[in-house]
Amino acid sequence: MAEAAASWLAERIRAALAARGCCRLALSGGRTPWAMLARLAALDLAWEQVEVFQVDERIAPYGSETRNLTRLEAILGRVGVRLRAMGVESPDLAAACGRYARDLPARFDVVHLGLGADGHTASLVPGDPVVEECEQLVALSGPYQGERRMTLTRPALARGETILWLVSGEEKRPALARLLAGDQGIPAGLVRGGEQLVLADRAAAGPGPSGG
Ligand SMILES: O=C1O[C@H](COP(=O)(O)O)[C@@H](O)[C@H](O)[C@H]1O
């Protein structure tokens with residue numbers, strides 16, 4: 001899955017660079033995307049023309065192991081992308097949300113999203129008011145799994161020309177089925193955007209028609 005996702009993303013990046021000379025991505029964190037991003041970073045691309053925004057982030061100090069930025073920097077920092085970090089170290093987090101929102105592009109070439117077993121995506125957490133946020137492009141949520149979060153909201157995610165879902169692990173199987181059914185009872189089912197591509201590993205997708 002990581003290999004397929006990296007190849008697909010590389011093609012999208014090349015196409016955007018050929019068409020407009022720049023490419024804008026919004027990337028998620030968590031655990032799933034790092035294998036894809038490590039493969040992507042090994043490819044020969046005009047990285048200096050690629051701008052990467054964060055889909056979400058933990059409110060935690062710079063360098064924290066739980067921060068998505070820590071992994072993004074470790075993998076993509078060395079290839080020279082323009083990495084736009086969410087300002088979660090700011091003493092005024094509401095103002096930091098506003099600043100990040102102002103800097104967002106009108107369109108992303110690709111918004112990459114993960115899926116939690118509970119149906120969360122980005123830091124749009126089930127039951128949190130942030131799920132219904134339709135005015136602000138960037139907002140705070142949580143505490144969730146021990147930390148407050150900063151996240152792109154649904155209207156910001158909808159700026160994706162393409163939404164790339166990357167889903168890994170057996171525990172995601174029920175949530176994946178709900179996402180594919182367009183179930184609006186989970187935050188992931190509320191995401192809109194252009195084309196949506198779902199890449200899932202065998203554990204998440206379950207047995208195929210032949211049972212294999
Ligand atoms: O908390 C988070 O979880 C989701 C899902 O992560 P995954 O590793 O289970 O795919 C992720 O997309 C989000 O960015 C992250 O902050």
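In which strand is the place of Pro143? In this predicted model, Pro143 belongs to strand β6. The residue also takes part in a cis peptide bond, which joins Gly142 and Pro143 with an omega of about 5 degrees. Most peptide bonds, by contrast, are trans. The strand that holds Pro143 is part of one of the sheets described below.

The record is considered before the sheets. UniProt, in an unreviewed entry, places the feature "domain: Glucosamine/galactosamine-6-phosphate isomerase" at residues 1–196. In the model, the span of residues 1–196 is 30% helix and 23% strand. The C-alpha atoms at the two ends of this span lie 16 Å apart.

An open sheet is formed by six strands, which follow the order β4-β2-β1-β5-β8-β9 and pair in parallel. Its edges are β4, at residues 82–84, and β9, at residues 195–200, each of which pairs on one side only. On average, and with direction ignored, neighbouring strands of this sheet are turned by 20 degrees against each other. Helix α3, which comprises residues 68–76, packs on the sheet. This helix touches β1 (23–27), β2 (50–54) and β4, and the direction of α3 makes about 160 degrees with that of β2.

Within the six-strand sheet, β5 stands between β1 and β8 in the order. Strand β5 spans residues 108–113 and is joined by five bridges to β8, which spans residues 160–167; the two strands run parallel. In this pairing, Phe108 stands opposite Gly160 of β8. Towards β1, the pairing of β5 is likewise parallel and extends over two bridges. Here Leu25 has Val110 of β5 as its bridge partner. Strand β5 is mostly covered, as six of its six residues are buried. As a general point, the side chains of a regular strand alternate between the two faces of the sheet.

A further open sheet consists of three strands in the order β3-β7-β6, and its pairing is antiparallel. The edge strands are β3, at residues 56–58, and β6, at residues 138–144, and each of them pairs on one side only. From one strand to the next, the twist averages 25 degrees. Strand β6 pairs with β7, which covers residues 147–152, over five bridges in the antiparallel sense. One residue pair in this arrangement is Leu140 and Met150, with Leu140 standing opposite Met150 in β7. Helix α4, made up of residues 93–103, lies across β6 and β7 and runs at about 135 degrees to β6.

Ala139 illustrates the surroundings of a residue in this sheet, as its place is in strand β6. Is Ala139 buried or exposed? Ala139 is buried, because 23 other C-beta atoms lie within 10 Å, and a residue counts as buried from 20 or more such atoms. When residues up to four places away in sequence are not counted, Ala139 touches Cys97, Val130, Glu133, Thr151 and Thr153. The C-alpha atoms of Ala139 and Ala96 are separated by 9.3 Å, although these residues are 43 residues apart along the chain.

Two loop residues depart from a general tendency of the backbone. Most residues other than glycine have a negative phi. Ala122, in the loop between β5 and β6, instead has a positive phi near 50 degrees. Gln145, in the loop between β6 and β7, is not a glycine either, and its phi is positive at about 50 degrees. How many C-beta neighbours does Ala122 have inside 10 Å? Ala122 has 31 such neighbours and therefore counts as buried. Gln145 has 12 C-beta neighbours inside 10 Å and so counts as exposed, the limit for an exposed residue being 12 or fewer.

The surroundings of the ligand complete the description. Which residues of the model are closest to the ligand? The closest are Ser28, Gly30, Arg31, Thr32 and Gly114, and 14 residues surround the ligand. By residue class, the shell around the ligand divides into three nonpolar, nine polar and two charged residues.

Notes. Residues numbered from 1 in each chain as written. Predicted model: local features only at pLDDT ≥ 70, side-chain atom pairs only at ≥ 80, totals over all residues. Pairing = 2+ DSSP bridges. Helix = DSSP H or I, 4+ residues; strand = E, 2+ residues; numbered from the N terminus. Axes fitted to C-alpha atoms, helices over the stretch in contact; angles between N-to-C directions. Contact = placed C-beta atoms within 7 Å. Near = placed C-beta within 6 Å. Nonpolar A, V, L, I, M, F, W, Y, C, P; charged D, E, K, R; others polar. UniProt positions renumbered as here; feature names shortened; annotations may be inferred.
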